[in-house]
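Here are some short exercises to work through with the viewer open. Try each task yourself, then follow the solution step by step.

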Amino acid sequence: MKTAVLLPVYNPDAKFLRLVEELNRRGFKVVAVNDGSLERCDEFFKRAAVYADVIGYKINKGKGYALKRGFEYIGNNLSDEVDYIVTADSDGQHAIEDIERVAHLTRKTDGIVLGMRDLSEKIPIKSRIGNDMSKIVYTIVTGVYLRDNQSGLRGFPTRLCMWLQDIPGNKYEYELNVLATAHKEGMKVTGIDIKTIYENNNKNTHFRPIKDTIRIQKSLWAYGLISALLYTLYTLTVSVIVWFGIPHFYYWLIGIYVWVTAMHAVLNVFSAGIRHRQKISVIYYITCSIKYCIATLIMLLFYYQGWFMFLGGVLSLIVILVLSYVFGRSGILGKV
């Protein structure tokens, strides 16, 4: 059984042809998806068809859409021939040796593999903006720290083709959605170090730093919406109870505190389990309890000092976000 290399392609150049030819020579089944490239690129795809299965459509729809169409094609037409899939960029961003290493590890683990670059190196500003923001938000939202969550070099078992097609997103946010959904559903993601390559200082990238970064962040925050609502509801409720001096408000605080932390534990087990769910759910519960405890102490401080409670609530939310990142960055909830 072969491993397929899936290449989403938009306006390729000669590097695409060299990549396809070399992958074919090394025994990979290559599937290239023409994501609505310009007509001047038709010759590249005709020549690539000698070494790869080339599919596509006339209107550019985004990298995520191209990947999903590739997964659909492999699942429907190559499932008897291909056991594993490696997704890679077609513009020289990924070394052939790294593609082979990801393929080998995917076969070995029979799970999801993520190629991770060393982003501590000097990288183009376009890539730095998106990578840094997504690392912070991803850690806050999922509780899992990923050193590089935007790498397009990944491995998947072919049996996940239907699952991969169902994940939302048609552009760059799709790849982050794949990781967030995998962690949310308790699927293991194995990381592997790969080379950091930016051809021509990444001047030919189709990534738009502002527009695509906003799209990615919106998609990420959607995964943490329930948690964010619980935190906000808690701070608002506590602020109202304390501000208006409701009788026996300490009992109210205890009751609300137990309820929201319990809701987070349930959310973790049934929706946001990361890995080894029962073990992680306990840690997740403890970290949630710590965050709520500190937030409550801040609001009580504002109350007893006679300070504006609204500011206390806002500060509490900020502290919760910071602690969420700190706990995630420490790796106690999962690290790849």
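The exercises below go from salt bridges to a cavity, then to loops and a surface patch.

This is a predicted model, in which local features need pLDDT of at least 70, side-chain atom pairs count only at pLDDT 80 or more, and totals for chains, interfaces and linings use all residues. Residues are numbered from 1 along each chain as its sequence is written, and side-chain values use heavy atoms, with hydrogens and water left out.

**Exercise 1. Find the salt bridge of Asp98 and say where its two partners sit.**

Step 1. Start with the rule: a salt bridge is a side-chain nitrogen of Lys or Arg within 4 Å of a carboxyl oxygen of Asp or Glu. Side chains of opposite charge can pair when their charged atoms come close.

Step 2. Apply the rule to Asp98, and you arrive at Arg101, with 2.9 Å from N to O.

Step 3. Place the pair. Helices (H or I, at least four residues) and strands (E, at least two) are DSSP runs, numbered from the N terminus. Asp98 and Arg101 are about one helical turn apart, because they are 3 residues apart in helix 4 (residues 96-109).

Step 4. Check the exposure, where buried means under 20% relative accessible area, exposed over 50%, and partly exposed in between (1.4 Å probe, protein chains only). Asp98 is buried at 3%, whereas Arg101 is partly exposed at 37%.

**Exercise 2. Which residue forms a salt bridge with Asp148, and what parts does the pair tie together?**

Step 1. The partner is Arg117, and the closest N and O atoms are 2.7 Å apart.

Step 2. Asp148 lies in the loop between helix 5 (125-142) and strand 6, and Arg117 in the loop between strand 5 (112-116) and helix 5, so the salt bridge ties together parts that are 31 residues apart in sequence.

Step 3. Both Asp148 and Arg117 are buried.

Step 4. Now look for shared partners: Glu22, Arg25, Arg26, Glu97 and Glu100 are joined by salt bridges into one network. The count for the structure comes to 13 salt bridges.

**Exercise 3. How many cavities of 30 Å³ or more does a search of the whole structure find, and what lines the largest cavity?**

Step 1. Set the terms. On a 1 Å grid over the protein atoms alone, a cavity is a set of points where a 1.4 Å probe fits but cannot get out, and lining residues have an atom within 4 Å of a point. Grid points are joined across faces, edges and corners, and a volume is the space filled by probe spheres set on the points.

Step 2. The search finds 1 cavity, and the largest cavity holds about 40 Å³ of space.

Step 3. List the lining: Leu67, Phe71, Thr87, Arg154, Phe156, Tyr174, Glu175 and Val178.

Step 4. Sort by element. Helix 3 (63-77), strand 6 (154-157) and helix 7 each supply at least two lining residues, and helix 7 gives the most, with 3 residues.

Step 5. Stay with one lining residue, Leu67: its C-alpha atom is 8.8 Å from that of Leu164, 97 residues away along the chain. Leu164 is found in helix 6 and counts as buried, because its relative accessibility is 0%.

**Exercise 4. Where does Arg159 lie, and which backbone oxygen does its side chain approach?**

Step 1. Arg159 is in the loop between strand 6 and helix 6 (161-166). With a relative accessible area of 57%, Arg159 is exposed.

Step 2. A polar atom of the Arg159 side chain lies 3.0 Å from the backbone oxygen of Asp110.

Step 3. Turn to Asp110, which sits in the loop between helix 4 and strand 5. Its phi is near 55°, a positive value in a residue other than glycine, and Asp110 is partly exposed at 33%.

**Exercise 5. Which residues form a nonpolar patch on the surface?**

Step 1. Patches are made of residues with over 30% relative accessible area and no salt bridge; like charges are joined within 9 Å, and nonpolar side chains (Val, Leu, Ile, Met, Phe, Trp, Tyr) within 5 Å. Accessible areas come from the Shrake-Rupley method with a 1.4 Å probe, and for residues only the protein chains shown count as cover.

Step 2. The members are Phe308, Phe310, Leu311, Val314, Leu315, Ile318, Val322 and Val326, with about 730 Å² of accessible area together.

Step 3. Take Val314 as one of them: it lies in helix 12 (residues 309-330) and is partly exposed at 33% relative accessibility.

Terms used. 1 Å grid on protein atoms, 1.4 Å probe; cavity = no way out; pocket = protein on both sides within 12 Å on 5 of 7 lines; lining within 4 Å. Polar contact = N/O pair within 3.5 Å; in protein donor to acceptor, adjacent residues only side chain to side chain.
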